[in-house]
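I am opening a page on a structure that is new to me, and I want to write down what I look up as I go. I will begin with the ligand, then turn to the domains, and end with a sheet.

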Amino acid sequence: MGIINQLDRHVAELIAAGEVVERPASIVKEVVENAIDAGATAITVEIKNGGMTFIRVTDNGSGICRDDVKIAFLSHATSKIRTEEDLDGIMTMGFRGEALASIAAVSKVELLTRCEEELEGTRFVIEGSAEQEISPAGCPKGTTIIVRDLFYNTPARLKFIKKDTSEANAVAGVLDKIAVSYPEVSFKFIRDGVLKLNTPGDCDLLSAVYAVYGKNFAKGLTKLQYNSGLISIHGLITKPEYSRANRSMQNFFINKRFVKSRTCAAALEEAYKGAIMIGKFPACILNLTIEPHTVDVNVHPAKIEVRFENEKTIFDLVYFGVKNALSTLKAPEMAALHK
Ligand code: ADP
Ligand code: MG
């Protein structure tokens, strides 16, 4: 007799959830990215107990129409791509259609949403993949999602969760990066009732960086804007006299997505060679705009790692962009360059 059976939906989703939902910070990342993809200009994130008991994300984006609400929570259900070809030109943060299904598999979710075309919104409650309630509800255009009691049904996962402060710090770290890559969006972060972050959403990168990392960090930066054919790089880099003791503040974004890239980091440091002391490091917030088909974001669900079609092109873009910005610094800053 055969021994193979196909797993039921809930078990399959629990397994998939293990990939996407590691801790509260991963939920916040997915849900905030959904808000950005929905065109939100104001996003508020509230957490309690490091996000383990309560996460609420409110956005003023497109909202979800009533007929789509349940579908949004199915795995591999997405409005962002349709065909295989679409995978080559991803312009949105999400595209796998896994996040809501995964989150709902391991927590208790309440969604309130209204799209432009509908006068009445929808309230949907789903716990451990099981639908509890769907009903009409009055609400403004946009979406509020509340995630309660993360991992309540998977006690084994709870063991890997750190203290509330560590989890809250991880959430803050995720938001810091998203906030500086979207200066056109106003972000608020409220932790256990205390407002921790408030970016203006005025489209100015420096004001977002100021709000996130503070005045002292912001004043050590200079602007960079450089085009090379169809690709470009812009952002802020360290003035040489403000170099830092470590690499922790080197932030790269590809098409607004935070990435870890050795190529970019190597190019940055190469460009600063001779400009800063050995053992000191530049900081940066740099956004590379490249053709979406030349980068593969499909490497891992957390999508931090990327692969480039042509690493050399990326290296050169960062290297020459940074060199160019450093060369335009004024005389006293140039003097520091040659110290
Ligand atoms: P993905 O983002 O990969 O498409 P998700 O599971 O995160 O998958 O979301 C499923 C779908 O639900 C999205 O494609 C989108 O249509 C809809 N959705 C999710 N969150 C929001 C939101 N905040 N505003 C509007 N639509 C949303
Ligand atoms: Mg998503």
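**Notebook entries**

*Shell around the ligand.* I started with the residue classes around ligand 1, and in this predicted model the shell is made up of 8 nonpolar, 9 polar and 5 charged residues. I then asked which of the 22 residues around ligand 1 come nearest. I noted N34, A38, T78, G94 and A99 as the answer. When I looked for the elements behind this shell, I found that α2 (24-37) and α4 (99-105) are those that give two or more residues to the surroundings of ligand 1. Of the elements, α2 gives the most to this shell, with 3 residues.

*Two domains.* Next I looked up how the protein is divided, and I wrote down domain 1 as 9-198 and domain 2 as 220-337. Taken over C-alpha atoms, the centres of domain 1 and domain 2 are separated by 30 Å. I also wanted to know how many residues of each domain are in contact with the other. My entry reads that 14 residues of domain 1 are in contact with 12 residues of domain 2. On the side of domain 1 that touches domain 2, α1 (9-20) and α6 (164-181) each supply at least two residues, and α6 gives the most to that side, with 3 residues. Sorted by class, the residues on this side of domain 1 divide into 7 nonpolar, 2 polar and 5 charged.

*An open sheet.* I then followed the strands, and found 5 of them forming an open sheet with mixed pairing, in the order β9-β10-β13-β11-β12. Its edge strands are β9 (221-228) and β12 (257-259), each of which pairs on one side only. With direction ignored, neighbouring strands of this sheet are turned by 20° against each other on average.

*One strand pair and the helices on the sheet.* I looked more carefully at β9 and β10 (residues 231-238), which run antiparallel and are joined by 8 bridges. Within this pair I marked N227, which stands opposite S232 in β10. I then asked which strands helix α7 (residues 205-213) touches where it packs on the sheet. They are β9, β10 and β13 (284-289), and the direction of α7 makes about 45° with that of β10. Helix α10 (residues 311-327) also packs on the sheet, touching β9, β10 and β13, and I recorded that its direction makes about 130° with that of β9.

Technical notes
Residues are numbered from 1 along each chain as its sequence is written. Chains are lettered from A and ligands numbered from 1 in the order in which they are written. This is a predicted model: local features need pLDDT of at least 70, side-chain atom pairs count only at pLDDT 80 or more; totals for chains, interfaces and linings use all residues. A residue is near a molecule or strand if its C-beta atom, placed from the backbone, lies within 6 Å of it. Helices (H or I, at least four residues) and strands (E, at least two) are DSSP runs, numbered from the N terminus. Ala, Val, Leu, Ile, Met, Phe, Trp, Tyr, Cys and Pro count as nonpolar, Asp, Glu, Lys and Arg as charged, and the others, Gly among them, as polar. Domain bounds come from an automatic or database domain assignment. Two residues are in contact if their C-beta atoms, placed from the backbone, lie within 7 Å. Two strands pair if DSSP finds at least two bridges between them. Axes are lines fitted to C-alpha atoms, for helices over the stretch in contact, and angles run from 0 to 180 degrees between N-to-C directions.
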